[in-house]
Structure formats: C-alpha cells, structure tokens
Amino acid sequence: MANKEPQDFSAVEQQIGNIGGENDSQSLGKLKFDPMNPNAPTGEEKKEMEEFLEKSRSARADMRDGTGNDIRDGWVPINREDLGPRSQFYPENWEFRVRPATVESIKNWSAVDDARIEQLNSVYNEILKSNVSIKNGDATISWQNINSWDRFWFILKVREYTFVKGEAKLEHTEDCSECGNPVTFTMGPNTLNFEYPDQEIVDKYWNTTDRCWVIDPSDFGVEDGQIVKLYIPTLGKEEQILNWVYAQVQGGKKIDEQFIKYLPWLLKNASKDRDTLDSQISLVQRQYKMWSLDMFLFMQDVIKNIAVTPLQTMKTKCPACGEEVTTNVQFPGGIKSLFIAESRYKKFGTK
Ligand SMILES: [Zn+2]
C-alpha cells in the first residue's frame, strides 16, 4: 500500500533536488532548507546566524505605488556576464530580465511553511514566473527553461531589485581565513558559489546548437555504450517529473530512485500532458535499463562532471588580502526570510 505521508514526497524530492550534482548536503542553490536539520549549527555559529537573520527581519519591501522614480519599477535587463560560466548553457540570443516582487507574491512568500518542501517549490516558481522574463528576439521563452541550478540565483536577482534600500542587505562578517582581517559577505547573486565542469569538457562535449551534451562512451572504453545525449535539468522538467513521481507514489507504484536521478538529464522535454509524459519517460527508461554496469558507473561519473553544483557557501573577495574567500553561513530560519516584508505597524501580541 502506498504511504501517503508528505515525508515520503520530500524524500523523493530531495533526491530530485540533487539532480544538479552529487552534493547530498543542504545547498543554497537547490533551495533545500530544513529548520529541523540535525546538522543545523549550534552555539556561537547559531548566534552569528541569528544576528544575520535579524538583518533580514528589518528588511522592508518596496511597496511604492508605481509612481516611483527609478528603473526598478519595471523590467530590468540582466547582464548575461553576471551569470558567469553558467551563461554558456543558455542560447546566446536569450535575454533575461527581472522585476521587483509584487506585494502579492511577498505575501505568499511570507506565508509559506518552510518545513513543507512541496509548498516551497511552488512559491519559488511563482516568484520566477512573475518576476523573471526571457526573450528571444520578439518571442517569449518560459521561465521553465531556466536551468535548475540557477533558480536561487534568479530569486536573489529578484530580491536585489525588490528591496531598493540598503537596509535590506543581508550581511555577515567573519575573520578572513587567509589573513585574519574581518571580511563581510553580502547575501546576493554575486556571492553565490558554484562548482563548474572543467571548461575543456564543456568545449569538447557541450553542443551549443542542440543544447545538449553528446558523449560517446566507447571513447572511454565502455564497450557496449551507445552515444548518449544529456540535457540540462530545467525548472520545467523538474516540475513535471515531480508531479509524475507524486502520481506514481499515490498510485502505489514503486519508484526507481536511481533512474529518477538520471531522468532530468535523459529527457529532452517533459510534456505537461500526462500520457505524453508517460511515454517520454518509458522511452528513456528502456534506454536506461539497457545500461551495463560499466555504462552505469560511467554515466555516474559523467553526470558528476557535467553538472554545475550550487555550493552551500558564499564567496567574496577579502578587501585586505585580495583573496577570494568563502563562508558557510546559511539561513537557519529558512529561505522565506529573504523576502520577509516586516510590517510598519506595532506588533499585536507576542506570538
Ligand atoms: Zn584576507
């Protein structure tokens, strides 16, 4: 009998949340936050984080009425260079724009229950859907084509344009690991830290035109391997796959978790039509089942090497020594603190 507890879903979801890479731990980029996490820091670290969070509570959403006086009232173009090496995984002529989150979406954001991973997903997607725009010439490209590993980056971009005033800055200061001088990390798209595939691998195996990785396992001594095409996991694919997984679990069907891990890479598209999606998945599952052990292990290695992995650290350049340094500070209160719109009225009661 199918177990319908939400925990079941979140376990599968965490599995899927990890499709961008091999990193099993919580990661900013994959938006996995669990306040009940046993790895949550304690003592001194916790105190530091509480101070860090305190700053987010004092953040004010920009609630101006549209008569505001700067560019942030409308769509703001994103410089593709801001994406760093991740830019190469989008077609060259795509243009990205963001706009500030509306009062409405901040309300939804603030009401979300951090412990409910399935709730979080829809709120994150809602923010991207309303506040990120992708254009290819005159054509509009759906937000669902955003690569999964860029989700948090785009959310932070939206945040950057939502909180206009400096007091919304989330800062954390600690001693530089290189020179011991204090260094301040500001939470934002530019301080997110990613692990990238080797550029020579990208140059050799990434097909810019077809937007897929083309790899011939026989070049690596995998005898029975056929040429594989691997597509980057996107938010849209991830959403459809999650829905499919939920339906499977609810229907009492067994989920092959290993296969689910490869699924977003093997599927070129994930149809919104359930029957079409079923046959798309069956097709790649047949392909997957034919893999020999050698092929399976090889593919494990490939995914590890072609994925961009969002790391659970922030990076910044130390002003004293000039070294790029990282910090492990996270958001124990959950990611919703990023968009908290603290009210201006006096608190009613203590709860
Ligand atoms: Zn330093």
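This passage describes the aromatic pairs, the zinc site and the strand pairing of a predicted model.

A pair of aromatic rings is described by the distance of the centres and the angle of the planes. In the structure under consideration, 19 aromatic pairs are found. For one of these, formed by Phe89 and Trp149, the ring centres lie 5.8 Å apart and the planes meet at 70°, so that the pair is classed as edge-to-face, the angle being over 60 degrees. The two residues come from distant parts of the chain, since Phe89 belongs to the loop between strand 1 (76-77) and strand 2 (94-98), whereas Trp149 belongs to the loop between strand 4 (139-141) and helix 5 (151-162), with 60 residues separating them in sequence. Phe89 is buried, its relative accessible area being 1%, and Trp149 is likewise buried, with a relative accessible area of 3%. Both residues also take part in an aromatic cluster, which they form together with Trp206, Trp213 and Trp265.

A further aromatic pair is made by Phe96 and Phe154, whose centres are 5.4 Å apart and whose planes are inclined at 40°, an arrangement that counts as tilted. Because Phe96 is placed in strand 2 and Phe154 in helix 5, this pair ties together parts of the chain that are 58 residues apart in sequence. Both Phe96 and Phe154 are buried. An aromatic ring is also involved in a contact of another kind, in that the charged end of Arg86 sits over the ring of Phe194, at 3.9 Å from its centre.

Phe96 also takes part in the pairing of strands. Strand 2 runs antiparallel to strand 3 (residues 132-136), to which it is joined by 5 bridges, and within this pairing the bridge partner of Phe96 in strand 3 is Ile134. Strand 3 is in turn paired with strand 4, again in the antiparallel sense, over 3 bridges, and here Asn136 has Ala139 of strand 4 as its bridge partner. The hairpin made by strand 3 and strand 4 has 2 residues between the strands, and in this hairpin Gly137 adopts a positive phi near 65°. A positive phi, of about 50°, is also found at Arg211, although this residue is not a glycine; Arg211 is located in the loop between strand 8 (206-207) and strand 9 (212-215).

Another aromatic residue, Phe296, is part of helix 10 (residues 293-306). With a relative accessibility of 18%, Phe296 counts as buried, because the value falls under 20%. When its neighbours within four places in sequence are set aside, Phe296 is in contact with Gln258, Tyr262, Tyr288 and Trp291. The C-alpha atom of Phe296 is separated by 9.8 Å from that of Val222, although the two residues are 74 residues apart along the chain.

The zinc ion is coordinated, at 2.3 Å, by the SG atoms of Cys176, Cys179, Cys318 and Cys321. Along the sequence, these donor residues follow the spacing C-x2-C-x138-C-x2-C. The angles subtended by the 4 donor atoms around the zinc ion range from 106 to 113°, which makes the arrangement tetrahedral. For four tetrahedral donors the ideal angle at a metal is 109.5 degrees. As regards accessibility, Cys176 counts as buried at 5% relative accessibility, whereas Cys179, at 33%, counts as partly exposed.

How values were computed. Residues are numbered from 1 along each chain as its sequence is written. This is a predicted model: local features need pLDDT of at least 70, side-chain atom pairs count only at pLDDT 80 or more; totals for chains, interfaces and linings use all residues. Side-chain values use heavy atoms; hydrogens and water are left out. Rings of Phe, Tyr and Trp (its six-membered ring) pair if their centres lie within 6.5 Å; planes under 30 degrees apart count as stacked, over 60 as edge-to-face and the rest as tilted. Helices (H or I, at least four residues) and strands (E, at least two) are DSSP runs, numbered from the N terminus. Buried means under 20% relative accessible area, exposed over 50%, partly exposed in between (1.4 Å probe, protein chains only). A charge sits over a ring if NZ of Lys or CZ of Arg is within 6 Å of the ring centre and within 35 degrees of the ring normal. Contact means heavy atoms within 4.5 Å. Donors are N, O and S atoms within 2.8 Å of the metal (3.2 Å for Na, K and Ca); water is not among the atoms, so sites may look incomplete. Four donors count as tetrahedral if all angles lie between 85 and 135 degrees; four count as square planar and six as octahedral if opposite donors are over 155 degrees apart and all others between 65 and 115; anything else is irregular. Two strands pair if DSSP finds at least two bridges between them.
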